[in-house]
Every structure is written in C-alpha cells, then in structure tokens.
Amino acid sequence: MTHLASPDLAANALVNTFFNWELIAQTFPRLITEGLLNTIAIAAGAIVVGIVIALLAAMLLLSDRWWVRLPARIYVDVFRGLPVIITVMLVGVGLPAAGIRPFGTDPFGYAILAIGIISGAYTAEIFRSGIQSVDPGQLQAARSLGMSYLRAMRLVVVPQGIRRVLPAMAGQFVKDIKESSLVYLLGLAAGQRELFFIAQEEVARTYNSSPLLAAGVCYLALTIPMTYLVNHLDKRLREGPRRTDPPVAGEPDVPQPPVPATAGEKA
Amino acid sequence: MTAATAAPALRVTGLSKSYGTHTVLRDITVDVRAGETLCLIGPSGSGKSTLLKCLNLLETPDNGEIWLGETHLTAPGADVDAARARIGMVFQHFNLFPHMSVERNVSIALTSVKGLPRDRARETALRRLAEVGLEAFADRRPSQLSGGQQQRVAIARALAMQPDVMLFDEATSALDPELVKDVLAVMRDLAAGGMTMAVVTHEMGFAREAADRVAFMCDGRLAEIDTPGRIFERAENPRLRQFLSQVL
C-alpha cells in the first residue's frame, strides 16, 4: 500500500500524455481532411508502383538464365535487406542530390517512389512463389494452343499465381500503409502531409502525445478493413462463382441417380 | 478408321533427346500421314510422351527434324507459336484453366491467338462444346465437372483451333474406369472423321480398333510400327510380345 502513489502517478502521466481526449478530438478533423487522403495517396501510389516493379522482377526471377535473374535478385535482396528509413532517405534525399529529379523538388513523388521500391522487393518474392506454385501443365497447355510465353503467362499462369498469394499481399499492403508514415522524414509541404506528419506536428505544438493515438486510430481504420476486404475477395475467388445447379440429366458422366458432378472427383 | 492418304501431315527424322546423361529418345524417324490415327504404345519410360511433346516442341529435341506439312518446325527462327496453333494437344491431366469458365477455356486461344472477336469466339466455343455433348456446362468452372467431362472440354479446346494434327498424351489414364469410354468415343469419332492423330495410349482396345498404324516404343527407340493386326496378332519382336502379354 505504501507504493500506491507511484503507480497512480505513472498512470496519470500515461493518461495525460496519450489520452487527452480534447487534443485527440482537435486533431481528428485535420487528420481526416488532409492526412487520411495523403496517406491513401502515398500508399496506393506505392502499392501500384510496387506491383508493377514486382511483376517485372518476378518474371526475371523465374528465368532459366542466371544473368537475367541477377539484377532482380540484387534488387530484391538490397531493398528487403535495407531498413525502410534508409531507403526513404536514399530515394528522397539521395536521388535529388545525385541530380536524378524525376519529380523536381516535390517530396510527394519521391515518397511514393521510395515506399513503392521497398514494396516491390517484397511483392516480387510473393509473386514469384505464387507463380511457381502454378502447375507447369498450365503453361504447357497454353503454349500448346499457340500462345507466346508472355501471353501464356499473362492470361493463364500469372492470374492463377496471384490469386493464390492474395492473403500474403494483404499483409504487404498493410506494411505499405504503415511505412508510408516514414516519408515524414522528407519534409512534406503543406497540403501534402500524411497522418503521422500531422500528428507529429500537433505533438510538437502541444507537448502532448495524444494526437499520435488519433493517427493510430486512422491507420487502423485503413488497415483492418483492407485486410478483411482482401480476405473476402480471396475466399470468393477460391470458391468460384456460386453455382449449385444440378448436373444436366442424361449426361453420361453423371452417375445414376444424379449427384453433383464434382462428387468423388479429384480435379 | 479411314484410309490414310500418302502425304505426311507430320514428319519426324532422326529425332533424339536426352536429359543430362539419360537418353530418352534415340534416332526416331516416323511419319504421321494425313487423316491417319497413329497410336504409340510401349512400357512406361519408353519415351512415348516425350516424343509426343517434341512433336509440338513443348520439349526441345537435341537432334533431328520435325516437319508439319510444308513447315520445318526445327529450323532456326521457325515460328513455333504459329505451328503450335496448328497442332492440338490433349494432356493426361486435362490442364484446363481453372480460373476461366468452360466456354472461356475453349475460346481463349480463338480471341488471343487467332484474333477472333469475343462473340464469334464464344459461338465457335459453344459449337465445339456441343460436339462433345457439354454445351450445357459452358458457364461452369472446370472444377465443377467430372474428369471425363473435363477431358472432353480439353478436346473441344484443342479442336476449336481447327488443328491439322491432334496429339493425345495418355488422355484417359487419369480417369476413373467408368469415365474412360466417353472420352474414347469422342476420340473414335474424330479418327473416323478423318482427323490426323498421334495417340499415346494404354488402351489397347482403342489402339486395335481405331488406329491405322500402331508404333511400339521401347528404350527410347521406335521398335516396331505396323498395322494393328500385325502388331497385336502376329508380333515377332520379343520385347513387343512381352509387353503385350503384360497388358492384354
């Protein structure tokens, strides 16, 4: 009982520092009107950039020739191996400093590029494993119909491979959304600020960390529904379109009395 | 069974193939005449399936030439994709595309390879599916069909391209026994209709009845090639006799 005062004080400090409801309420409007949109823009841009890079890198990684695989292998190993924060600085500060300025002096573009490059490295491996898990007979069947390698991959193999790795990709998307907060380091201009930047500004202004909690809630409002959305999509694709029509009568393959055509078949 | 005309639809000369130090095919020379059904039989591991996959270059031969009609497939720079579009292939495990409807499985190459408009491709696909008795299943997924139905879809898919030659790679081996006869019936109709066919099979009944010629393969060589009557009734090759005694 003698130590009661100390935990009480600590608890109060925690409540005061992170659960100042007034500050949280004050921060939300700016988070929602400015930060949420910018976080979505950066994350969505990075995801698109990442998927494009990843598709290309995955195709290279699947090559029989080592010198085709090599550049993709280096890319994946480097950007999966580097801390995110270093890549953000390399791309956002290093590129413009080296005279490579595809987005001029606007940090927003570099932010998307940096997160996209990191995302691509992880997604490339996800795609590669998904594509490799597709039965080689699928490629053979497509090629036997006269499709070129690239067309067969695009129409037959890659769509199947990607469907199999949707849950892994949901995880990657969540990471992309969270890591978009690190572009704060690039000093976004007014109107470009994402969730974490805005919260951090409020923290600096008020000497109170409660705005971070508000930003956290906003991140969860993005990541959790997205995970469930992708999982729902995955489930629907797995089960295929809902069809429960009985097999057509008189069909010789259907045992008598008719039972669903898939019964007993290992497709 | 149709009387085969003289011109070869498919000509193979001096074909050989090895994986590392393991030789799978040794100096194979064989014609498939236009309109003919040639059945390839032999013990497992004798190279039948590899030979078939060399014919449309799904496997690359080490040596030898393959001619499809007047087209030299093994020439450097030959348009292999265009040639494959003229050679239909049916696989042991069907290899239907599970993410597409049955109809799309049949029409996908019509739109993407032949450049047909979508509605005309669908029309053709439905007609082909009707020929194998499965037009009612056009909008199902392959996984909703039985194995025998799936294999008939695979045949319709290959036929939709109007191939010059059809290759069947153990098309009934993965099927439950009661489903085999429907697939064989489709293949018999095709043979009777004058389609040029090379058929790797373990169905000796089919080879005996539907084949114009039967080729016996053994240790990567084409050991015997003759009419079904002479192969099945008057075999002299000891390896062939041994093989037939095991499977008949």
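This report walks through a predicted model of two protein chains, A and B, beginning with confidence and then taking each chain in turn.

**Confidence**

For the model as a whole, the scores are ipTM 0.92 and pTM 0.81. Chain A has a mean pLDDT of 85, with 87% of its residues at 70 or more. Chain B averages 91, and 98% of its residues score at least 70. Each chain also has a stretch to treat with care. In chain A, pLDDT stays under 50 over residues 243–267, where the model has 40 contacts beyond four places in sequence. In chain B, residues 1–5 stay under 50, with 15 contacts beyond four places in sequence. Where pLDDT is low, the predicted coordinates should not be read in detail.

**Chain A: helices throughout**

Chain A has ten helices and zero strands, so that its pattern along the sequence reads α-α-α-α-α-α-α-α-α-α. Of its 267 residues, 42% count as buried. Among contacts between residues at least 6 apart in sequence, 73% join residues at least 24 apart.

An unreviewed UniProt entry annotates "transmembrane region" at residues 40–62, 74–95 and 212–233 of chain A. Two of those spans can be set beside what the model shows there:

| Span of chain A | Helix | Strand | Distance between end C-alpha atoms |
|---|---|---|---|
| Residues 40–62 | 96% helix | 0% strand | 32 Å |
| Residues 74–95 | 91% helix | 0% strand | 19 Å |

Helix α3(A), residues 66–81, is a good place to look more closely. Does its length fit what its residue count predicts, or what else would explain it? At 1.5 Å a residue, its 16 residues should span 22 Å, and the end C-alpha atoms are 21 Å apart, which agrees. Along α3(A), the residues A:Val68, A:Ala72, A:Tyr75, A:Val76 and A:Phe79 are buried. The cover over the buried residues of α3(A) includes α2 (21–61), α4 (84–97) and α5 (107–132) of chain A.

One residue of α4(A) shows a piece of this packing from the other side. A:Thr87 sits in helix α4 of chain A. Is A:Thr87 buried or exposed? Its relative accessibility is 0%, so A:Thr87 counts as buried. Leaving aside residues up to four places away in sequence, A:Thr87 touches A:Phe79, A:Leu82, A:Ala114 and A:Ile118. Among these contacts, A:Phe79 is also one of the buried residues of α3(A).

**Chain B: a mixed sheet with helices on it**

In chain B, an unreviewed UniProt entry places the feature "domain: ABC transporter" at residues 10–244. In the model this span is 37% helix and 26% strand, and its end C-alpha atoms lie 27 Å apart.

Which strands make up the open sheet of chain B, and in what order? Six strands take part, in the order β6-β7-β8-β3-β9-β10, and their pairing is mixed. At the edges are β6 (87–90) and β10 (221–226), each of which pairs on one side only. From one strand to the next, the twist averages 20°.

Strand β7(B) makes a good entry point. Four bridges join β6(B) to β7(B), and the two run parallel; here B:Met89 stands opposite B:Leu167. On the other side, β7(B) is joined to β8(B) by five bridges, again in parallel, with B:Asp169 opposite B:Val200.

How many of the five residues of β7(B) are buried? Five of five are, and the strand is mostly covered. In a regular strand the side chains alternate between the two faces of the sheet. In β7(B), B:Val165, B:Leu167 and B:Asp169 point one way, while B:Met166 and B:Phe168 point the other, and all are buried.

Towards the β10 edge, the pairing includes an antiparallel case. Strand β9(B), residues 213–218, pairs with β10(B) in the antiparallel sense over five bridges. One of the matched pairs there is B:Met217 with its bridge partner B:Leu222 in β10(B).

Two helices can be placed against these strands. Helix α1(B), residues 48–55, packs on the sheet and touches β3 (37–41), β6, β7 (165–169), β8 (196–200) and β9 of chain B. The direction of α1(B) makes about 150° with that of β7(B). Helix α5(B), residues 147–160, lies across β6 and β7 of chain B and runs at about 170° to β6(B).

**Pulling it together**

Chain A is built from ten helices without strands, whereas chain B holds a six-stranded open sheet of mixed pairing with helix α1(B) packed on it. When you inspect the model, remember that pLDDT stays under 50 over residues 243–267 of chain A and residues 1–5 of chain B.

Conventions. Residues are numbered from 1 along each chain as its sequence is written. Chains are lettered from A and ligands numbered from 1 in the order in which they are written. This is a predicted model: local features need pLDDT of at least 70, side-chain atom pairs count only at pLDDT 80 or more; totals for chains, interfaces and linings use all residues. Side-chain values use heavy atoms; hydrogens and water are left out. Two strands pair if DSSP finds at least two bridges between them. Axes are lines fitted to C-alpha atoms, for helices over the stretch in contact, and angles run from 0 to 180 degrees between N-to-C directions. Contact means heavy atoms within 4.5 Å. The expected span of a helix is 1.5 Å times one less than its number of residues. Buried means under 20% relative accessible area, exposed over 50%, partly exposed in between (1.4 Å probe, protein chains only). pLDDT is the predictor's confidence in each residue, from 0 to 100. UniProt positions are given in the numbering used here, feature names are shortened, and annotations may be inferred rather than shown by experiment.
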